[in-house]
Amino acid sequence: MSSQAPAQDSILSAKLEAFEAFLKEPEPARTVEEWRRTRFSEWSLARLKAPMPDGAGLTLEARNSSQGVSMLPLEEALRDERFGALARRGLDVQASPAYRKFELASRALWSRGAFVHVAKGVQVAQPLHLCFSYGRGFAFPRVVAVLEEGSSATIIEEHRAAGAAQSSGSSIAFSHLALGPGAEARYFYLQDVGADDVHFWSQRCELKSQASLQHGSILLGGRVHKSRLEVDLQEAGARTELNGAILGSKEQVFDFHSSQRHAAPNTQSNLLFDSVLMGRARSIYTGLIRVEEGAVECDAYQANHNLLLSSEARADTTPLLEILTDAVRCKHGATAGPLNADDLFYMASRGLSVEEAEQMLVMGFFAPVLAKIPSPEIGARLESRMAQRLLRKE
């Protein structure tokens, strides 16, 4: 038997155990806060009576490198003596109880996963690109990324439709990012799945002392999108900047939850999440800032702004603060409404049509997030797609 056979058996055994637990786990009730506005049944997990193939494709822009950067399929990392423990630790992170059934399904059925490791002190110049593509059926992709002490890297995690695929798919994605002391990460989550797809994404980010995270999310696709971004500032001096953008149309639903947890003194977090909604699209944002006891001298901010380009579009926003200590600075704010009529009139007076004026104003609204995408090719593709949707009202 090869040295990799026991590791392979262990992976299979863990998946089978998780599937048994998945079958026993009850679906979350509609009274659970996270599921009051989105139906769990949209993901059709009741159809999973036996293990089935994962329907996601995975493309890694690079594999192993001799400069202390490793990017490889997660299953290979679990079998690798260098990375097995790190990969398993990231894979075993527990989701919140509201998403426990999703997590068990993912643990049992994933077959497309990616592992990224940046060694201590290594500075990665080029973005590391992970791309998951979806057709029909179920998909359960997973990502584990570890940046060791003093390292730096940019990671793009992209979820998109496979070619011109329009068939309905159900995807559940989990991602884990761990930053060692003094590590710096720029992480971008891009979602443009098929128009009829339902998609769930959950990421937990853990930051040690003096670590820094700049995070961006752009959400475009799917019939129903639900996600949770959890940032845990675990040690003193950790800081994060979180930016997000949603462009919704027709009857799309985007349900986004964020959590900024300050567990240590002198930590900083700043979140800005914007949405533009057309047709009967709906955005649901719930954001929590939690400051633990003893986490003094923290600075936290949360803002959610929504532009409604239709009288039938709707944006719900729920900011939450849990402050368990004194000597902190925490603020939040939210807005929802149409484009400024004076701005539209000014641009129309310069010869632009209403549609062109709306497009320019909205793209300006999104510009701060788009400008931070580190790949010119991906940034141009997303900007073009967003501009076309605005003109066509699709």
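A residue counts as buried here when its relative accessible area is under 20%. Keep that cut-off at hand for the tour, and remember that you are looking at a predicted model.

**Stop 1: strand β11.** Select residues 212-219. Seven of the eight residues in β11 fall under the cut-off, so the strand is largely enclosed by the rest of the structure. What sits alongside? Add residues 184-192, which make up β9. β9 and β11 pair in the parallel sense, with eight bridges between them. For a landmark in this pairing, pick Tyr189 and look across to Ser217 in β11, which stands opposite.

Now bring in residues 239-248, strand β13. β13 also runs parallel to β11, and eight bridges join the two. Here the pair to click on is Leu219, with Ile246 of β13 opposite.

**Stop 2: the loop leading into β11.** Step back to Gln210, in the loop between β10 (198-207) and β11. Check its backbone: phi is positive, about 65°, although Gln210 is not a glycine. Is this residue buried or exposed? Neither label fits, because its relative accessible area of 45% makes Gln210 partly exposed.

**Stop 3: another positive phi.** Jump to Ser44, in the loop between α1 (5-24) and β1 (56-60). Ser44 isn't a glycine, yet its phi is positive too, at about 55°. With a relative accessible area of 26%, Ser44 is partly exposed.

**Stop 4: helix α4.** Select residues 100-109. This helix is mostly covered, with nine of its ten residues buried. Colour the buried ones and you'll pick out Lys101, Phe102, Glu103, Leu104, Ala105, Ser106, Arg107, Ala108 and Leu109. Charged side chains are on that list, including Lys101, Glu103 and Arg107. As you spin the view, bear in mind that an α-helix has 3.6 residues a turn, so residues three or four places apart point the same way.

**Stop 5: the cysteines.** How many disulfides does the model have? The count is zero, going by a sulfur-to-sulfur limit of 2.5 Å. Start with Cys205, which is in no disulfide: the nearest cysteine sulfur belongs to Cys298 and is 17 Å away. Cys205 is buried, because its relative accessibility is 0%. Then select Cys330 together with Cys298. The sulfur of Cys298 is the closest cysteine sulfur to that of Cys330, but the distance is 7.2 Å, so the two are too far apart for a bond.

Methods
Residues are numbered from 1 along each chain as its sequence is written. This is a predicted model: local features need pLDDT of at least 70, side-chain atom pairs count only at pLDDT 80 or more; totals for chains, interfaces and linings use all residues. Side-chain values use heavy atoms; hydrogens and water are left out. Buried means under 20% relative accessible area, exposed over 50%, partly exposed in between (1.4 Å probe, protein chains only). Helices (H or I, at least four residues) and strands (E, at least two) are DSSP runs, numbered from the N terminus. Two strands pair if DSSP finds at least two bridges between them.
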